[in-house]
Amino acid sequence: MKRKTGITCQFHDSAASMNQPDPEIVHFDNVGLRYGTDREVLSDVSFTLYPGRFYFLTGASGAGKTSLLKLLYLSQRPSRGLIRMFGTDAITLPRDRLPGFRRRLGVVFQDFRLVPHLSAFDNVALPLRVAGVSERDIARPVADMLDWVGLGDRRHARPATLSGGEQQRVAIARAVIARPDILIADEPTGNVDPDMAIKLLRLFESMNRLGTTVVVATHDLHLISSIQDSLIMRLDKGRLHDPTGALRYPPRRSGPAGQP
Amino acid sequence: MNAPADEPATRWPATKWPATKWITRLPFARTREADARLLPVVQFAGPMPWVIAIMIALTVVAAASALALRNAAQSARSELEGGVTVQIVFAEPDARNRQADAALAALQHDGAVRSARRVAQDELNTLVEPWLGTRAGDDLDALPIPALIDVRLDGTATPARLAALRTALQKVAPSARIDAQAAWLVPVFRAMAALQWLAAGLIALLASATVFAVLLASRNALGNHRDTIEIVHMLGGTDHQIARVFQRSMAIDAAAGGVLGLLAGLIAIAALGNQFAALGSGMTAAAVLGWSDWLLIAGIPVLGTVLSVLTARLSVLAALRRLL
């Protein structure tokens, strides 16, 4: 499996040189979003995501978490403001360059969004097929991933025959299979039992240690407290609270990414 | 899509037209294996192959008719191109014969004349038989039928050449009247040309109808798979990857329809050909199709398939451009 190099190399370079600031991977500056002519669902949202960091996005229902994630995974353009992603202006990005950016993102949707006519195996393999990975190189990692999320024996099952928790695990496996630069998860542990939730969180943590920036939207305080060194983005009525400025100017790590 | 939920996914991309699967290996319909697995086999509107079959069948018949008419017109034109009829219109039989002989001799010595032949009395009788009855011309005194000379010129019978011929014959046969044979058939040629244009117009209309049918089917298929397309987009799928899946399915449907349509069209041509052959008329006998015509007709399903695939591709790409 190919591993994308751009951001990862930058990250490792910066991690090796502790005196250099981390290069930003995503930057939001005074971003606002409204649907149609309604009031803004997101207002003046400004933050920066750095490579190899673990972020939790919290807030009450209707606070704008899913809208913010939609902007992050490039399914929506903001009404105003500036978004830079991987060093490029994501707002004026030509349409034909969007797929390249999206392949660097892994997304776990709140409603899973599995492809109904595809088996669990084919759903997990989808990002690799989209990226043009050969079938020979797909079979093993997908099978391993399905084994890891405990669905090795359900590889031929279609989403309609899977339970909510199983569908969520397939969705997570699909999001992480291509080892994205940014993993975005919307309530990823909402439908799984506590043991599986911790196991999935450990998967996210492992990916984070390998350099993937992780953004998890959740209400689960227990989940938030289980990841050390994570940063919390709290949304309230469409506004992002950053009283300490940690989201704009995160505390410098003492060692390589993910390692305290 | 109707397969059991637990069935292994190795069986697709399936097609209900397996015999036409070869079409997906052609450049315009080729799909990478990975691309083919992005979407299910896109089922265009169920009757799509039948719609295309009907369009192709009608196009084949229209094209064959246009080509046969063109061949008949060309054959008649080339036959009559250098044809000139000299009539000696004189009531007195002996003088008429003398003038006819003199005119024939003059024509045979004319360098612009390839051949000249006096039409025999039996042939003249046959010509007037429908109007005047059996062997009416035999009584030379009672019915002064003009003496006829059938002349073939080297090249086309232009007005200038006819004028030169008139001047030459004026001295030896003052009663001679000279007419280009092609001039008599000008209205027929015009009617045939009009029919050819009509056939071309029909073919253009059928092609347009095919394009609109494919556009509607593509939009319908896009609507049915909108959720999946959005997911594939979110995972980094490109418009071209998605369009390839649609054009592949369209290629299979159009190829199946094309083959069926060609067969139906050929049957119709054979039936029409037999009917016209039974007429036994000189003009319809010349309305035959050559090997190049058959090649052109055989190419109609291929052109139809390419047109359908291109239409599907362009309409899908246009629709996808509206998504982010």
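Chain B has a mean pLDDT of 81 (pLDDT being the predictor's confidence in each residue, from 0 to 100), and 81% of its residues reach 70 or more. This is a predicted model, in which local features need pLDDT of at least 70, side-chain atom pairs count only at pLDDT 80 or more, and totals for chains, interfaces and linings use all residues. Residues are numbered from 1 along each chain as its sequence is written, while chains are lettered from A and ligands numbered from 1 in the order in which they are written. The predictor gives the complex an ipTM of 0.80 and a pTM of 0.70.

**Confidence in chain B**

- Helix α11 (residues 291–320) of chain B has the highest confidence in that chain, at a mean of 92, and helix α1 (residues 33–36) of chain B the lowest, at 58; helices are DSSP runs of H or I with at least four residues, numbered from the N terminus.
- Over residues 1–18 of chain B, pLDDT stays under 50.
- For residues 1–18 of chain B the model has 27 contacts beyond four places in sequence, a contact being two residues whose C-beta atoms, placed from the backbone, lie within 7 Å.
- Where pLDDT is low, the predicted coordinates should not be read in detail.

**Helix α4 of chain B**

- The end C-alpha atoms of helix α4 (residues 121–132) of chain B are only 14 Å apart, although the helix has 12 residues and would reach 16 Å if straight (1.5 Å times one less than its number of residues).
- B:Gly133 follows α4(B) and has a positive phi, near 95 degrees.

**Helix packing in chain B**

- Helix α3 (residues 93–108) of chain B and helix α5 (residues 159–172) of chain B cross at roughly 135 degrees, their axes coming within 9 Å; axes are lines fitted to C-alpha atoms over the stretch in contact, and angles run from 0 to 180 degrees between N-to-C directions.
- α3(B) is therefore oblique to α5(B) (angles under 35 degrees count as roughly parallel, over 145 as roughly antiparallel, 65 to 115 as roughly perpendicular and the rest as oblique).
- B:Ala102, B:Ala103 and B:Ala106 of α3(B) make the contact with B:Ala168, B:Leu169 and B:Val172 of α5(B).
- The axes of helix α2 (residues 48–80) of chain B and α11(B) come within 10 Å and cross at roughly 145 degrees.

**Helix packing in chain A**

- Helix α4 (residues 120–130) of chain A packs against helix α6 (residues 164–176) of chain A at an angle of about 30 degrees, with the axes 7 Å apart.
- That angle makes α4(A) roughly parallel to α6(A).

Note on methods
Helices (H or I, at least four residues) and strands (E, at least two) are DSSP runs, numbered from the N terminus.
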